[in-house]
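Morning, everyone. Let's take a quick walk through one model. Please have the viewer open.

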Amino acid sequence: MSFTLESFASECQRILKADPGRAGREKVSDLVQEALKDEKFITAYVNDNTPDRQVIYEDAELGFCVCAHVNREAREANPHDHGSSWAIYGQAWGETEMSDWEVLEAAAEGKPGKVRRGQMYTLKPGMAHIYHEGDVHSPKRTAATGLLRIEGKNTAKMKRYPYKAV
Ligand SMILES: [Fe+2]
């Protein structure tokens, strides 16, 4: 299947309009995995000129965003969730060593949440993973990575609380 940003985004919109819940996100995740196989589509958005984070499409009606990411330096992110949003990480190239974290104490204003590291797994090219609201995770990379990532809502516009590993 070959995609354009327009066809990909309109298919996401069709799916999420019919079911914004977990089943709909599973379908979007499947669609992301299909899109990751489309080299022409991926190369058009996830390339040498792509910054750390670029919103390439924001849906005016539903609010979901399609983001392109190229992360160039080795880094381990802090454990985080996406506030009131879900996200789907699609690995275009490189590898992400992901950790899931168990929330021991919820985060609140002025008080970081407490989390304990759980499962660790590697996102390899072609794989997609869904993080629902409140799912705490931390991506680590030892070399450059490229991602196609969907956010339920634009996370740049929302308040998020930090978590502390214990
Ligand atoms: Fe994340």
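Keep in mind that this is a predicted model. Start with a strand pair. Strand S5, residues 96–105, runs antiparallel to strand S8, residues 136–141, over 5 bridges. One register point to click on: Glu97 has Lys140 in S8 as its bridge partner.

Now zoom out to the sheet. It is open, with 5 strands and mixed pairing. The order reads S3-S8-S5-S6-S10. Strand S3 (75–76) and strand S10 (163–165) are the edges, each pairing on one side only.

Next, the metal. Which residues coordinate the iron ion? His80, His82 and His137 do so through NE2, and Tyr89 through OH, at 1.8 to 2.2 Å. Along the chain, the donor spacing is H-x1-H-x6-Y-x47-H. And the geometry? The arrangement is tetrahedral because the angles between the 4 donor atoms run from 93 to 126°.

Are the ligands His80 and Tyr89 buried or exposed? His80 has 18% relative accessibility, so it counts as buried; the cut-off is under 20%. Tyr89 is buried too, at 6%.

Last stop, the packing. The largest nonpolar core has 26 residues. Phe8, Val32, Leu148 and Ile150 touch the most other members. Elements giving two or more residues to this core include helix H1 (5–18), helix H2 (22–36) and strand S9 (145–151). Select Phe8. Beyond its neighbours within four places in sequence, Phe8 contacts Phe3, Leu31, Val32, Ala35, Phe41, Val66, Leu148 and Ile150. There is also a second, separate core of 7 residues, with Ala87, Tyr121, Leu123 and Leu147 among them.

That's the tour. Questions, please.

Methods. Residues are numbered from 1 along each chain as its sequence is written. This is a predicted model: local features need pLDDT of at least 70, side-chain atom pairs count only at pLDDT 80 or more; totals for chains, interfaces and linings use all residues. Side-chain values use heavy atoms; hydrogens and water are left out. Two strands pair if DSSP finds at least two bridges between them. Helices (H or I, at least four residues) and strands (E, at least two) are DSSP runs, numbered from the N terminus. Donors are N, O and S atoms within 2.8 Å of the metal (3.2 Å for Na, K and Ca); water is not among the atoms, so sites may look incomplete. Four donors count as tetrahedral if all angles lie between 85 and 135 degrees; four count as square planar and six as octahedral if opposite donors are over 155 degrees apart and all others between 65 and 115; anything else is irregular. Buried means under 20% relative accessible area, exposed over 50%, partly exposed in between (1.4 Å probe, protein chains only). A nonpolar core is a set of buried Ala, Val, Leu, Ile, Met, Phe, Trp, Tyr and Cys residues joined through side-chain atoms within 4.5 Å. Contact means heavy atoms within 4.5 Å.
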